[in-house]
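Dear colleague,

Please find below the structure that I am handing over to you. My notes on it follow.

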Amino acid sequence: MAEFPFRAHAAAHPDRLWIWQKSTYVDETQRTWLPIAFEARAALPGRLLNQLFVSVAPGHTGPWTLKSAFSIRLRQLDTEGNLQVLLRQEDIARGEAVPPSQLSPRLLPIMWQLYPGQRYRGSDSRFWRIVYHIQVGGVEDMLLERLPDPESE
């Protein structure tokens with residue numbers, strides 16, 4: 001019987017992820033993580049906004065492209081809807097770190113810290129559930145989903 005060429009396995013979660021540049025995070029072992037795609041969903045008056053996928057990683061091409069009109073909608077979704085982000089571990093040249101004060105307003109926190117219960121807590125005090133974190137064929141992906149704010153419920 002032929003063996004499947006890829007092996008998937010669960011990967012160890014980084015303890016912390018810090019913003020390095022606009023679309024680059026760094027973990028405690030100096031590995032770089034890129035937010036490859038967002039998925040946002042919100043119930044708007046009278047309808048449900050379809051899923052919206054956006055690529056934000058520099059030099060990343062694919063079916064998801066950031067459009068200025070969509071970036072405005074994503075900001076509106078920041079407090080109204082469900083948000084997921086796919087982080088991919090890729091070794092890239094980092095360049096100089098950019099102070100958070102010089103970064104534009106963001107949907108993603110400046111830092112994530114691993115908490116018990118398969119989740120991260122962002123620097124904005126919001127929790128993010130680890131939906132999955134796998135490594136397949138040398139590519140490591142981690143999907144995070146922002147949990148509802150318990151104070152707004």
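How many helices and strands does the secondary structure of the protein come to? The answer is one helix and ten strands, taken as DSSP runs numbered from the N terminus (H or I with at least four residues for helices, E with at least two for strands). In order, the elements read β-β-β-β-β-α-β-β-β-β-β.

This is a predicted model, in which local features need pLDDT of at least 70, side-chain atom pairs count only at pLDDT 80 or more, and totals for chains, interfaces and linings use all residues. Residues are numbered from 1 along each chain as its sequence is written, and side-chain values use heavy atoms, with hydrogens and water left out.

Of the 153 residues, 33% are buried (under 20% relative accessible area; exposed is over 50% and partly exposed in between, with a 1.4 Å probe and protein chains only).

The whole structure holds three aromatic pairs (ring centres of Phe, Tyr or Trp, the latter by its six-membered ring, within 6.5 Å; planes under 30 degrees apart are stacked, over 60 edge-to-face, the rest tilted). One of them, Trp112 with Trp128, is edge-to-face at 5.5 Å and 80 degrees. It joins strand β7 (residues 111–115) to strand β9, across 16 residues. Both Trp112 and Trp128 are buried. Tyr115 and Phe127 also pair edge-to-face, at 5.4 Å and 80 degrees; Tyr115 lies in strand β7 and Phe127 in strand β9. Phe127 counts as partly exposed because its relative accessibility is 21%.

Yours sincerely
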